[in-house]
Each structure stands twice: as C-alpha cells, then as structure tokens.
Amino acid sequence: MADELLEHLDERQREVAANVNGPMAVLAGAGTGKTRAITYRIAYAVRSGQHDPRNILAVTFTAKAASEMRSRLRDLGVGNVQARTFHSAALSQLRYFWPNAIGGFVPEIRESKMPLVSQAAASLGMAVDRISVRDLAAEIEWSKVSLIAPDEYVKRAEAEGRPHVADYSHAEIASLIKAYEEVKAERAVIDFEDVIIILIGIMRDRPDIANRIRQQYKHFVVDEYQDVSPMQHRLLQLWLGDRRDLCVVGDVSQTIYSFTGASARYLEDFTKDYPRARTVKLNRDYRSTPQIVELANAMIEPIRSPASVELVSAMKSGRPVHFDEYADDADEAANVAGKILSLRESGMPLSEIAILYRINAQSVEFETALAQAGIAFEVKESERFFNRREVRDAMVALRAVARGPQRDDLPEMVEDTLRVMGWRPEAPEAGAAKERWESLRAILKLAQDVWDKRKASISEFVAELEERAELGNEPTTNAVTLSSLHAAKGLEWSAVFLVGMSEGLMPISHAKTSDDLAEERRLLYVGITRAREDLFLSYATGNRGRANRKLSRFLDEHWPVPESRTTRSRRRSRDAKNNWAKDNPNDVPLFEELRTWRLEKSQATGRPAHVILHDVTLREIAEKKPRDLAELGRVRGIGTRKLTDYGLEILTIVNGKPVGYGR
C-alpha cells in the first residue's frame, strides 16, 4: 500500500516522497504540488514503516495550513502526526515543561503588543497615536524575531539600513524596546515572540529538557522555509540537535515577509549547512495556464537566483492575460464588476473569482461596485466564518445530533439538521438571507467532501469543524474574494483581478532600496500565480479627477501597445507566412482541432473551407479562447450568420463542453 501512494505523484514529487531520511531541500514553484509532495512523503514514511507518526513534526507557516495538512493526512489514512506552526509547537512544549524549568504556570500571553507599546512610549514622552504605536510595535517585533537584544539594536539597525520609525532615531527605538520589556515584566505578561525565545533559552540551558523534546520529535518537515525568521531557525536547530533528518520546502520567488524579519537565505544556503542534502526542484505547474506562467516567469526573471524555479505549465493553453487601463478608481471598480458578471453568466462560481490589491484601503471602491451590481463578496480577514451566528448555531445543532444515534450517510444527517434550522436547498435571491444560506450551504458542501474522501461519521465531522474553527481553516462560500496580495498567498482562484497596478501602489511608494523593490516584484509574482485560468491586470490613470498615475514599472514592458493600422496589416501578413505557429506554440493544438472541424463541415455542406471560416479567424479563436457567444462575436470574421450557424459548435471545441454548463 505504501508503494501505491507513489503512483499518484509525478516523477519529481515521487523523488520527494520516496526519500524520507536525511536532509532534503524541495525548491517548489507556485502550483507545483509541493503540499501534495510533502504530505505523501509523510504518509509514505509512515505506511512503509520507516517512521513512527508520533515522532514526526511538520511545521507550517499558518494554523490553517497545519489544519489542511492534518486533514490531507487523515484522507490518506495517517493519523497521530503533529502538524503545527512554530508558535503552536513551541507553546505546547513551553506549557508542558514550564513547571519543571521555571515553576508555576506560563504567564498570560498578550496577543496584541499595542497597549504595552503605548504605555512604554508614553513613559518616554513618545507619540502614542494609533499609527505611530502600530509602526513601533512592528519594529519591536522585528528586533525580537531577528534575535536582537535591546543593547544591540542600534548597531544592527544601522548595519541593515532600517528606516527611522515614526521619526524616532535608532537610539530612541532601543530605549523604547527596553521600556517595553519592563512594562511586560511589571504586568507579568509575555508576548508571542517570548514563547519561542523562552523555549530557546530553556532548551539551551536545560539539556535534559532538550533531550526529552528530541526523543519525541525525530523527523522534521518545514514548509514555506523561505519565510523562516532567525528566531524560528534557532529553535529548529535546537529541536534537531546533531541530527539531520530535516526536509525543507520553499520558493525564494515567494519571499514576501522580509519586512517582518523572514529570510530566504536559510533556504538558499541549505546545501551549505547540509552538504549531503538532496535537492529536488518542482517546476511543473499544475495550476496556471501557459499564458499566466509566461508572465510569472518574466516577472521574476530580473531577480532570478540559482535557487529560483522556472515554471513550466502542465495545463492546456488558455486565454491571453488581460490588460486594462481605466480613467479613475470608480471606473476601474465598475468595469471589474461588469467582467465578474460576465464570468458568472458563463458558469464560473463567484467563489472562483478574486480581486487582489496591494493595500487594504483599495478594497472600498470595489466593495461599493460589487454591492451595486448585486454580486456577493467577502473581504478576507474581516468577519470570520466560524464567528457567524448561523454557523455557531449549526455547530451547536450538529453536536447535539452527534450525541444521538448515528446513521450511515453524513451528508443526509447534516442536511436534515440544517433543514430543522430552516435551511432549504433553494437559495434566497439576495441580501442577508442569501449570505446566511451560503454559510450553511458551505457546511453541507464540506460534509459531502469529507464523506466522499473518508466516509466520516457525524462525530468525526463535528471534530473536523471544531478544529477548523480553532485554526481558522474556513470552508468556501459562493462569493467573490477581496484580499490584499499578502493575505492571498497560498490561495488560488480560476479568475484573478490584479487591480491598482500603478506606481506608488505596485511597487508601494515607500519601497526605495533594491531589496525593497525586489520584494515588491515577488509580491506581484505571488499575485499572478494565484490565477488558474483567467488573469486580469488593470490600473486607473486618474485619481480624483487628476490624470497623474503611471503604469507600474514592473509591467511596462509587458503592457500591450495599441496596434496602428500599419502594424495590424504587418501582423496579418506575418500570420499569412505561417510564423503564427512559432509565436504561439501553445495554441497550435486548438487551431488544428478547429481546422479539422472546419474540414468536416466543408465536406458535409459542400462549401469551401475558407468560406466557412478563414485561417486568420481560426487563429484568433485559438488565441482568445472565447468562453461564450458574446466573446466569440467579437472575433474578426465572426458575423451574426456565422455566430448562429457555428457558434455553439466552436465553443464546445474551445471549452471542452457546450456553453452554459459551467467550467
């Protein structure tokens, strides 16, 4: 059964999964199935009897990712594997060993630094407005995750070119860091970073405790290794001791948290730290079309390093990337809403669509436009799914059902429970009732997914819901997602709108150094690679009536220039000379399929092939891949008669199924 697991992987993923001992670096590009590879690696190690699942610690970047990994392992029949964030794993160990190492109980952990920073700043006569306190708290956090003591802050900050925060000098910030630590001591509280820092100290000073932790965890997998901080790296070293059973996974092109202290150098230098390490590159992209992958590769090319992965799309050729320029922000938002309506009409679920932007303040214009168009949407990191009243009520009802007699059909039990609450399969038209309906429908859909994968009982499903609620692993509802680029990392959609692609927003205005600009470029790369099928990039030239915005420098060479009549004539001439196939290799198979259809149609009707549709028209169809009759009608050479006679047949060839059946 262990070997059967490997049959579900491609050659390079199989290399990752089958080699479960010793150091390994997996350089995995966006969409290359890295989570699948490392999940199967853990499952193969357990199924083959090489590792005890209780001795494995899989470390993820977010609690949601940890929850998803545990769920995937359960689907593969593997339990008892610890999948946690660095903080969660450290907190569990700290709570267990605190009475022995220090005595008493772990102090209260403050989730927010801001009240403590505000008190410390006030004691020094520094500004305590919300913006200043927020920025000062972020700088304190950077110093802690970088393992910089207050006395070393000035020297390190100057060496690394840290900007002055809230107009305070490095010396003043160093004084604030000391005052902040004193405030915590007075209140007998600790912060999130202290959890790891204190555990580091305990493991360093108490070899007996360090050895007990190492006896528990012998095999390590660390995801998103490009975003590991010095603090996390030090803890990982202590967990390992003198052992080398470590698999790290990451993509240097997706390093977007350097401002928080994360460093890709641990991934880039992995083979220096572990000279005998096996390195595997995953570059076959199973997410995005060749057109999207081409732009993504071009975006990262100027900053490509030896550890970078050049993606190769495994998907069939798709539609061209869309580039749009608008008059102002309201015009951009209204047009994006209009395009989303068209996507919905073509059969694309709203849950498969996202609008991504650089800063959260950009969302307001799009929220307004979507609301006016009657399009359901969710702003990522706003109200949590499991905090919604109807969801909480549903979980209470499901817990009660789980305590009673069990039936053998989980989806039916869940639907019956929701019906008692008033839910019906028919969706309300709009408004709050529709939102509540979508929330409960998401629970039912999750029940169906869990049942299809592992025939879970109602009790197991309730446990799954409770774990997801605790870790923020939310099911999908049928609504457009609005999200910042940072918050979108790790997610994907069929259609993605990258909006506000102008100087000052992309790159952000305060990105001045080459390192800052490289990080902004990587952030745009992350946005591009969120799209599976359709990618729309846009910006507004005007700002409150003033035409003063410029296109992002990152997109300048990729933005199409409108064709003049002379240029268009030359392009048609070039096409006639059969150079089109060389310039558009991904579209040739569809073009040939369309030509075969045309030949059959010609033979059936007795009409010449070029009269049915000219090659120039077939080439444009192959490039643009229209998804409905309206888009097909905009192709040159497609008039009303030909649209009526051939439209549905062409769309069936292009999209693989008749129009109107969804994608």
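A residue is taken as buried under 20% relative accessible area, as exposed over 50%, and as partly exposed in between. The structure described here is a predicted model. With a relative accessible area of 47%, F259 is therefore partly exposed.

F259 belongs to a cluster in which ring pairs link F61, Y257 and F259. In total, 13 aromatic pairs were counted in the model. One of them is formed by F61 and Y257, whose rings are tilted, with 5.3 Å from centre to centre and 40° between the planes. F61 is located in the loop between β2 (56-60) and α4 (63-75), and Y257 in the loop between β7 (246-250) and α13 (265-268), so this pair ties together parts of the chain that are 196 residues apart in sequence. F61 is partly exposed, at a relative accessible area of 34%, whereas Y257, at 17% relative accessibility, counts as buried. Y257 also pairs with F259; this pair is tilted, at 6.1 Å centre to centre and 40° between the planes. A contact of another kind involves W142: R162 lies over the face of this ring, at 3.9 Å from the ring centre.

The search for internal cavities covered the whole structure and found 2 of 30 Å³ or more. The largest cavity has a volume of about 80 Å³. Its lining includes V20, R41, I42, A45, H51 and I56, together with H219, F220, V221, D245, L246 and C247. Two or more residues of this lining are given by each of the elements α3 (34-47), β6 (219-222) and β7. By class, 8 of the lining residues of the largest cavity are nonpolar, 2 are polar and 2 are charged.

Strand β14 (residues 480-484) was examined for burial and for its pairing with other strands. In this strand 5 of the 5 residues are buried, so β14 is largely enclosed by the rest of the structure. Burial applies to both faces of β14: V480, L482 and S484 are buried on one side, and T481 and S483 on the other. Strand β12 (residues 353-357) pairs with β14 in the parallel sense over 4 bridges, and within this pairing I355 has L482 as its bridge partner in β14. Strand β13 (residues 377-379) likewise pairs with β14 in the parallel sense, over 3 bridges. Here the bridge partner of F377 in β14 is V480. The two bridge partners named in β14, L482 and V480, are both among the buried residues on one side of the strand.

Definitions and conventions:
Residues are numbered from 1 along each chain as its sequence is written. This is a predicted model: local features need pLDDT of at least 70, side-chain atom pairs count only at pLDDT 80 or more; totals for chains, interfaces and linings use all residues. Side-chain values use heavy atoms; hydrogens and water are left out. Rings of Phe, Tyr and Trp (its six-membered ring) pair if their centres lie within 6.5 Å; planes under 30 degrees apart count as stacked, over 60 as edge-to-face and the rest as tilted. Buried means under 20% relative accessible area, exposed over 50%, partly exposed in between (1.4 Å probe, protein chains only). A charge sits over a ring if NZ of Lys or CZ of Arg is within 6 Å of the ring centre and within 35 degrees of the ring normal. On a 1 Å grid over the protein atoms alone, a cavity is a set of points where a 1.4 Å probe fits but cannot get out, and a pocket is an open set with protein on both sides within 12 Å along at least five of seven lines; lining residues have an atom within 4 Å of a point. Grid points are joined across faces, edges and corners, and a volume is the space filled by probe spheres set on the points. Ala, Val, Leu, Ile, Met, Phe, Trp, Tyr, Cys and Pro count as nonpolar, Asp, Glu, Lys and Arg as charged, and the others, Gly among them, as polar. Two strands pair if DSSP finds at least two bridges between them.
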